[in-house]
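The following exercises are to be worked through with the sequence and the coordinates at hand. Each task is followed by a stepwise solution.

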Amino acid sequence: MKHRIKAENLAILYQKAAEKFGEMPAFAIRESALKWVPVSYASLYDQGLNLATGLIELGVKARDHVGLFGDNRFEWILSDYGVQICGAADVPRGRDVSDDELFYIIDHAGIEVTFVETEELQNRVLKLRSRLPALREIILLDPKTKAQPGVKTLQEVCDLGAALRETGDKRAEEHIAGIKPDDLFTLIYTSGTTGTPKGVMLTHSNMVSQVINLPGYHNCTDRVLSVLPIWHIFERVIEMYTLSFGGCTYYSSILTLGEDMRNVEPTFMASAPRLWEKLHERIKKGIKTSHPVRQILFHIAYFLARQYKNSEYFISDKYLKMKHQPTWKHALMLPLHVLRWIIVLPWYGFFNAAVLERIRLGAGGSLKATISGGGALPIHIDKFFNYVGIPVLEGYGMTETSPVISVRSIENLVVGTVGPPIPETKVRIVDTETGELLYPNSNLPYNGVAQRGEIWVRGPQVMKGYYRDPELTQLTFSDGWLRTGDIGIITHNNCLKILGRSKSTIVLSSGENVEPEPIEMRLQQSQFIDQCMIVGQDKKFLSALIVPGIQEFKQAGFREETIEELVSNPIANKIIREEIKKLTSQSNGFKRYEQLRDFRILPVTFEVGTELTNLYKIKRHVVEKKFSHVIDELFNNGSSQNN
Amino acid sequence: MEFTTQLLYPHDQALLAIMIFVIMLGMGASLTPDDFRAVIRKPRGVFIGFLSQFGLMPLIAFSLATVLNFPPAFAIALILIGSLPGGTTSNMFTYFARGSVALSISMTTASTIMALFMMPILLKVYTGGFTAQISASLQATGTEADFVIPTMNIISSLILVLVPVAMGMFIRQKWRDWAKTAEDTAGFVGILVILYLILTAFIRHGHLFLQTPVGVYIGAVGLGLAGFFFGYWFSRLLGVYPLFQRAISLETGIQNGPVSFAIILLSFQEPVQSQMIWLAILYSTFIVITSSVITLRYRKNGRRDWNIYKNTSIHNRLFGEQYKTQYPKGFLPKRLLNDPSQGTQPGQKRF
C-alpha cells in the first residue's frame, strides 16, 4: 500500500505516476523473444498530453464518448491516456467486433470521434460511415497502415497537439482539472453471454476505488505479464493497478506465452481460467515426458506438498468451510494436523526446493501471485498451482462492478472460493425465488452463512448504470444493490463461493434446478473432452454436447485428423460415454437427476467471438441456436437409444 | 573419551562410499566448463570467497577446538572440516537465500581445485598441537608410533573424489536428461544416508550421544554458524554487495561433507577414525538445519535488493545492455545508489 499512488481520477493518476516513476518503464512491447521496447511513465504521459491536446483541437469535449476499436498494442494505451486526459470516456471493443455491433455501438454511444486499429477496421468503419451522420473523425492507430482519405493517423493528431503545446496551449491540463469523480472514464459494451450489447457506464471513482482496494504488495520492481484482451475491464483494472505502484506491463500473447514467461520472469499475472488450464496441461505434459526417476520425485514432492498445505490450511483456518465445524471436532483434528505438519515439514522443505522449484521455473520462477478471473477456475487446477507453490488468487466480478467484487489475497487464500469481498464492498445473498434476504440475516443460523442464493453487491466499484437504458438499469438494481445474477454462498470463514449462474440454470421438466457449470467443469477434467455444454432445459433429463480433444485421441492411436471424422467413430463415442459415466457418477457426488443420459460429439470446436466470450465463457444461447438440430435429435432419439 | 566399539560397520562404510559417489556425481552433473571460465573472467568475488573459505574458516575451526577444549581426534576432524572445499549444497541454499548462484558455483569449482594445495598446508599449520597430544597418549599405552597427518593419503583421497565429479561433468555434456536426474537424486540420497547414519548410531550406540562432550556439540553447530557470520561481515567489509555477501556467507559455512567422509575413511585409522567420522556426521546433520534457518532469514532480508537486481538484469536482457533503469528517488538503498550496475556486479573496489 505504501508504494501505491492515490489519485482522485485516472488522469491525475497518470500525472502523479509520471512525476513519481519518471523514466521507469510503464509498458514494454515485444518485438522478438529477447527484444522489447520500453515506454517510460514520463514519455507516455507526455505523449498522452499531446494526443489529448490534438483531440481537443479536433473538437472532443469533456464527457464525450470516443470510440476505440482494436486489440493489444501500445497505441491503444496511448489513446486511452489521451481520451481520459481530455475528460472524455472511451468506448472500446476488440477487432472481432461484428459489423452490426460496430454500427450499434457507434450509433448508440453517440460517437463523433473514433480510433480504429487496423486497415480492416478502418475500411469497415468507412463503409458504415454513410449511415452514421454524427461520426466526424476517424483516427488510425497502426503506424504501418496507410490512412484512407478522410482518416487521420494517430501520429498526425499527436503532432498537432505537440505543436499547440509548444505555443503554450494548456487546454489538456484544464481538462484534467475539470474531471469530476462521477464522470465516465469508459463506456464498455458487453454482449456477455446473452442478448444485445449493453453499455456499462464506469466512472473514474469506480476505477480509483478498485486501484486502492485491491489486495497486494507490489512496487516498481514488479513485472506484469499481460495476455488478456486490452479493452476488457479485467485487464484494464490490472493495468491501472500496475500504474499505481510503478510496475511495468509486458504485452505477451497466447502464442508466445511460454517463452515470454521464461524471459520476462513476471512477478504478477492475471488471466482467465483457460490460460491456467493450458499452463497446467503443459506442465503435466513436461512431467510425463521427463526422466522416470524425476517423475517419481515429482509425485513424491506433490504428495508431500498436498499433505503439508492441507494441514497448513486447516491450522490457519483457510480451508473451504461450507459447513459449520463443531468446536470439539476442530479441537480433535487440530493436534493431528499440527503433528502431520511438523512431520512433513522437513521433507516438504527438501522436495519443495529440489523438485517443485523446477516446476515454478517453468512459469518464470518469480511469480508472487497470479489472479484468475472471468470464469470459474476448475478446482483441480486451482489446487495444483497452489500446491506446487504458485499462489492463484481467484477473484470474482463483472464488467458492471469494474470488475472486482471479491478476491483471495495471499493472507486469505482459501482454495475453492473467490475470497472475501474487497474493502468498502458489501455483499448480500438473496433467495432467488422469494427475494428473502438470506445473508446477512440474524434470524438464520450463523447469520445466514452457507445459505445459497443470488449475490447482490453494493460498493464504490458498482457502475453508474447502463447507458441510455434506464429500464434495464432499474431491473438490475434493487434498493441500490446490484443484482449479479450469480448464485453463491458465504462460507464459514467469510469467503464468497460461486456456485453457478442463475441465468444458465437448467430447469428440468421434473422441476429440478441444475447448475450446468460444475458438471461441465467435471467433464473437462477428462483428457478426451476439450469443451462441453450441458443441455436439457424443460426436458426429462440432461445431456451433453461434447467437443473432443482431437490431440488426445490421436495420441491414443486414432487415425482421424479432424473432429468431424471422429463424430461417427463408434470407439471414440464409447470412450467418451465411459468417461462421462465415470466422472459424473453418484459416487462422485452428483445427484441422480444430474446424471447425463446421452451426448453428441460436435463436429467443431467452440471459438472465441462466436461460441465463446473473450474470457472463454460459453455463450449458451449461441450454441443452442447453432446446434439446435443436434439437440433436437438428442432428445428425440435419446430415450429410444437408451432403452 | 574413547570409543569402545567401531562406529561404522562395513556395510555402513559401503553405503557412505555410494553416497559420496552419488553426491559427487551430482555435483559434476551440475557443472559446465563455462563455470570454470567464469572464475577466471570474474575473479574478484571468487578471490574474496577464497580468503573467507581457506583463511577464515580453518582459523574459526582451530579457535573453536582450542577454546572448547576438544579431545584431539575431534579437534583434528573439526579443523579438517574447516579446511574443506564447498559443495553443491551451498549452491542450492544460495539459490533460495536469493544470493548469487553464479558466484557460489564459481567458488565451489575454485575451492575444489584449490583444496588440493590448501588442505595439506592448513592441516599442517593448525593440527600440530593436537597430533602431538595423540602421539603422547599412544606412547603412554606402549605403542612406538608417532601420529602424523597422512598428507599424501589426503591428497589422493581428494583426487579420488574428483573422479565422479569428472564423470558427472561428462554426463552433463553427453546426456542432459540424465545429468538433471543425477543432480536431483544426489541431494535426496545425501539426506537419506545422513538420516540413516544418525538413526543407526542412535539405535546401536545410544550412549554415544551422552558420551560426546557438550563442547563438541557446540563446536559442530558453531563451526557452520561462525562461518556464515564471518563470511557475511568479512565480505561486507570489503564492499561486496548483499547478493554476493549471501553467497560468500553460505559458501564459507557449508563445507563439502561427503569429501570429509571420504578423507577420513581413506586416510585415517582407529583409534581416531570413529571419533572423526562421528564429528563429521554431527556437522553434516546440524549444518542442514542451521543453513535452512539462515537461508530463510537471508531470503526475507534479501527480498528488496534481490527484486532490484532481478528487475535491473531483466531490463538489460530485454531492452538491451545499454538500458539503464532509473529507479524513483529514494527507492534504491544507499549501498546501491552509486553503483552503475545496481548490484549486479560483486561490488565497488575498496582495496
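**Exercise 1.** How many helices and how many strands does the secondary structure of chain B comprise? Determine also how the radius of gyration of chain B relates to the globule rule.

*Solution.* The model is a predicted one. Step one: the secondary structure of chain B amounts to 15 helices and 0 strands. Step two: the radius of gyration of chain B is 21 Å, close to the 20 Å given by the globule rule for 351 residues, so chain B is as compact as a globular protein of that length. Step three: along its principal axes, the C-alpha trace of chain B spans about 75 × 45 × 35 Å.

**Exercise 2.** Describe the domain division, burial and contacts of chain B.

*Solution.* Step one: chain B is divided into domain 1 (10–301) and domain 2 (302–351), and the C-alpha centres of these two domains lie 33 Å apart. Step two: of the 351 residues in chain B, 57% are buried. Step three: among contacts in chain B between residues at least 6 apart in sequence, 84% join residues at least 24 apart.

**Exercise 3.** Is A:S509 buried, partly exposed or exposed? Characterise its surroundings as well.

*Solution.* Step one: A:S509 is located in the loop between β23 (506–507) and β24 (513–514) of chain A. Step two: A:S509 counts as partly exposed because its relative accessibility is 45%, and the partly exposed class lies between the limits of 20% and 50%. Step three: beyond its neighbours within four places in sequence, A:S509 is in contact with A:D538, A:K539 and A:K540. Step four: the C-alpha atoms of A:S509 and A:D538 are separated by 4.4 Å, although the two residues are 29 residues apart along the chain.

Definitions and conventions
Residues are numbered from 1 along each chain as its sequence is written. Chains are lettered from A and ligands numbered from 1 in the order in which they are written. This is a predicted model: local features need pLDDT of at least 70, side-chain atom pairs count only at pLDDT 80 or more; totals for chains, interfaces and linings use all residues. Side-chain values use heavy atoms; hydrogens and water are left out. Helices (H or I, at least four residues) and strands (E, at least two) are DSSP runs, numbered from the N terminus. Buried means under 20% relative accessible area, exposed over 50%, partly exposed in between (1.4 Å probe, protein chains only). Contact means heavy atoms within 4.5 Å. Domain bounds come from an automatic or database domain assignment. The radius of gyration is taken over C-alpha atoms; the globule rule is 2.2 Å times the number of residues to the power 0.38.
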